[in-house]
Amino acid sequence: MKTIIGESKRYLEIDLTSKTWTEFSPPDEDLHDYIGGKGLGLKLIHDRLGARLAEVDPLGPNNILAFMMGVFIGTGAPCSARFAGVTKSPLTGIMVSSSCGGSFGMACKTAGWDGVLVKGKAAVPTVVKLDEFGVLFEDAGDLWGMETGSAQAKLVDNPRKGALVIGPAGENGVLYSVIRSGGRYLGRGGMGTVMGAKNLKAIVATGMSYTIVPAKPEKFKLVNAKAKKMINRNEFVQAYRAYGTNFGVNSGVDTGYAPVRNFRDRTDERCRNLSGEAMVERYHTTHASCAPCTVLCGHKGTYPDGIKRHIPEYETIGLWGGNLMNFDPDIIGVWNDRLNELGIDTISCGATVGWAMEAAEKGLRPSALEFGKTENITALLDDIAYRRGEGVDLALGTKRLAQKYGGLDFAAQVKGLEMAAYDPRAGWGQGLNYAIANRGGCHLNAYPIAMEAIFKFIPQYSKLSKVSWVAFMEDLFSATNSTQTCQFTIFGYILEPPVAKYTPKPLLKLAMTYLPDVAQLVLDWSALSSLVAAITGRNLGMRGFLKCGRRTHVLERHMNVLCGVTSADDTLPGRFLNESQTKHKDLSVVPIGPMVQAYYRKKGYDEHGVPRPQLLRKLHITP
Ligand code: SF4
């Protein structure tokens, strides 16, 4: 087998219209400045579309889909199976990126390709096949129309292969369709819809032509062992490992971030039936994670009908559980399987169904959907994927529905992207995060609810320190998502080094609340930046690594401004600003306006949320 030292620096650019492909290598300074993965994907799209971004129809041939392998893939670094998808979203009309596991990333990287750009539109439904020698275009034939699992099973017929596939939802233009890789999904913003609009059913990579060797193998061995040790001993990682992402359900009930009744309420004792702890007992769960993974958050278990299922993630549980007043974990497992086969984003769809239930209750839109009624949901999922009956409407997502029927105040979305299962009234930093996150109502931008309500490092109902932590964490996550390791590893990287680990928790909390900028100066994520150095040979240092994340985040904001985002979009739906009665003991609404303005100042944006020219220059971003 041939060897790649760190990165091949070889990228494919595929034009579906002309059925042609070319190979290119980005300049070394771009690899240095953006690391790889998400950051480089945004840069490559910006280079190609630039100021024309505003005119690009997300579902037209000019939109570009970038699939970017991270620098960790194939090295054995922690959680190194992941890659990024980046494109202009049909759901939001702005940039969207997603991180995904499954088998595609490894197959593509070991076929010798660090990334794949896809543009144009195929004349007929098509499957793209790539290997170390290049690209073939094949008629999708009877694969078109197939569900994701069956299409994948037909295409991935040996262990060298990995595939990206869409299901009926992507083919039929449901605006929040996903792309599947193995048992994982590029979930947010309708990337599957972009693939479907390009008549692209699947991309299949045949890999294992190359092995990936770090540029500095000895250094890698040392840092990798240290990183794994830190991740393994972290208590939050251990909670993910034991209970999956649903370990967050019980704290959601306690601290009030659980979405209940379309985010009207934020706690309900019955949600505890859906907790990770309850699932472990009920389904005798075992791990079913991305491979390789150090955290092991994924679980599967045996349901009462005898079927082994992947346990739905926390977001799915939240939005199809308490959000719909449904407290039956078995039925959510069935819906989760169906949504995955149809190729539908479980977050956006759950939020949309919740909105439709409330709109019906308020008489805004006639529907048989009702809170607490589950009988008519299973059939509805197929109706959405095939855009028939009520599914025609629901395939549009909450924002478009609310614009059509009224009810924007209770549409749980920002910039058109439905919020994940964290009520922002339970953590004002989470409110700020949703309001300014580049892809819309995204929980993962800076994930402050973890610091506010789950780990309780900073107060929930306070503006203190929130701007600082959101601005810092979104840069750190942007850099992390450019290596493409899993975001869940970050707890190990930043909480296990000596200063954070051995400072008494009350002192740590005080520093994080009252002196956040100082606390950030003493945090240590050098194991992460050292892994990048050992793999690529590019020694960014800890601060340089963070700067790459800031550059990526600001570039994405700049691209969104080109797409038409203004400060008027950086807010929350009225419910979260005005309704404090939520059945939770604490009354709270999010004071969003002052936090957003302070955030702009912190980031170097003007009062309209536009990155200032001197900031772009400092970060080497060409407008
Ligand atoms: S922690 Fe979970 S999401 Fe992250 S790589 Fe592992 S299994 Fe995948």
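This passage describes the domains, cores, strands, helices and selected residues of a predicted model.

The protein is divided into three parts: domain 1 (2–213), domain 2 (245–418) and domain 3 (424–618). The centres of domain 1 and domain 2, taken over C-alpha atoms, are separated by 27 Å. Their contact draws 31 residues from domain 1 and 35 residues from domain 2.

Nonpolar side chains tend to be buried together in soluble globular proteins. The largest nonpolar core of this model holds 163 residues. Within that core, Trp320 and Val353 touch the most other members. Helix H19 (residues 466–483) supplies the largest share, nine residues. Apart from this core lies another, of 32 residues. Its members include Leu65, Ala122, Ile179 and Val194. Residues up to four places away in sequence aside, Trp320 touches Asn326, Ile332, Trp335, Leu339, Thr346, Cys349, Gly350, Val353, Ile377 and Leu381. Val353 thus appears among the contacts of Trp320.

Two antiparallel arrangements of strands were examined. Strand E2 (residues 11–15) and strand E3 (residues 20–24) run antiparallel and are joined by five bridges. Leu12 stands opposite Glu23 of E3. Four residues lie between the strands of this hairpin. There, Lys19 takes a positive phi near 55°.

The second arrangement is an open sheet of three strands, in the order E15-E16-E17, with antiparallel pairing. Strand E15 (286–287) and strand E17 (308–310) form the edges, and each pairs on one side only. Strand E16 (residues 299–302) is joined to E17 by three bridges. Thr302 has Lys308 of E17 as its bridge partner. The loop between E15 and E16 contains Pro292. The peptide bond from Ala291 to Pro292 is cis, with omega near -5°.

Helix H2 covers residues 37–49. Its 13 residues should span 18 Å at 1.5 Å a residue, because the expected span counts one less than the number of residues. The end C-alpha atoms are 18 Å apart, in agreement with that value. H2 is mostly covered, with 11 of its 13 residues buried. Among the buried residues are Gly37, Gly39 and Gly41. Leu40, Leu42, Leu44, Ile45 and Leu49 are also buried, as are Lys38, Lys43 and His46. Gly50 follows H2 and has a positive phi, near 40°.

Glu171 belongs to helix H5 (residues 168–171). With a relative accessible area of 15%, Glu171 falls under the 20% limit and is therefore buried. Its side chain makes a polar contact of 2.6 Å with the side chain of Lys201. Lys201 is also listed among the residues that Glu171 touches, not counting residues up to four places away in sequence. The others in that list are Leu143, Trp144, Gly145, Met146, Ile166 and Gly196.

Positive phi values also occur at two loop residues other than glycine. Cys79 has a phi near 45°. Cys79 is placed in the loop between strand E4 (65–69) and strand E5 (83–88). Its relative accessible area is 3%, so Cys79 is buried. Phe263 has a phi near 65°. The loop between helix H9 (248–255) and helix H10 (276–283) holds Phe263. Phe263 is buried, with a relative accessible area of 0%.

Notes:
Residues are numbered from 1 along each chain as its sequence is written. This is a predicted model: local features need pLDDT of at least 70, side-chain atom pairs count only at pLDDT 80 or more; totals for chains, interfaces and linings use all residues. Side-chain values use heavy atoms; hydrogens and water are left out. Two strands pair if DSSP finds at least two bridges between them. Buried means under 20% relative accessible area, exposed over 50%, partly exposed in between (1.4 Å probe, protein chains only). A polar contact is a pair of N or O atoms within 3.5 Å; within protein, one must be able to donate a hydrogen and the other to accept it, and residues adjacent in sequence count only if both atoms are side-chain atoms. Contact means heavy atoms within 4.5 Å. A nonpolar core is a set of buried Ala, Val, Leu, Ile, Met, Phe, Trp, Tyr and Cys residues joined through side-chain atoms within 4.5 Å. Domain bounds come from an automatic or database domain assignment.
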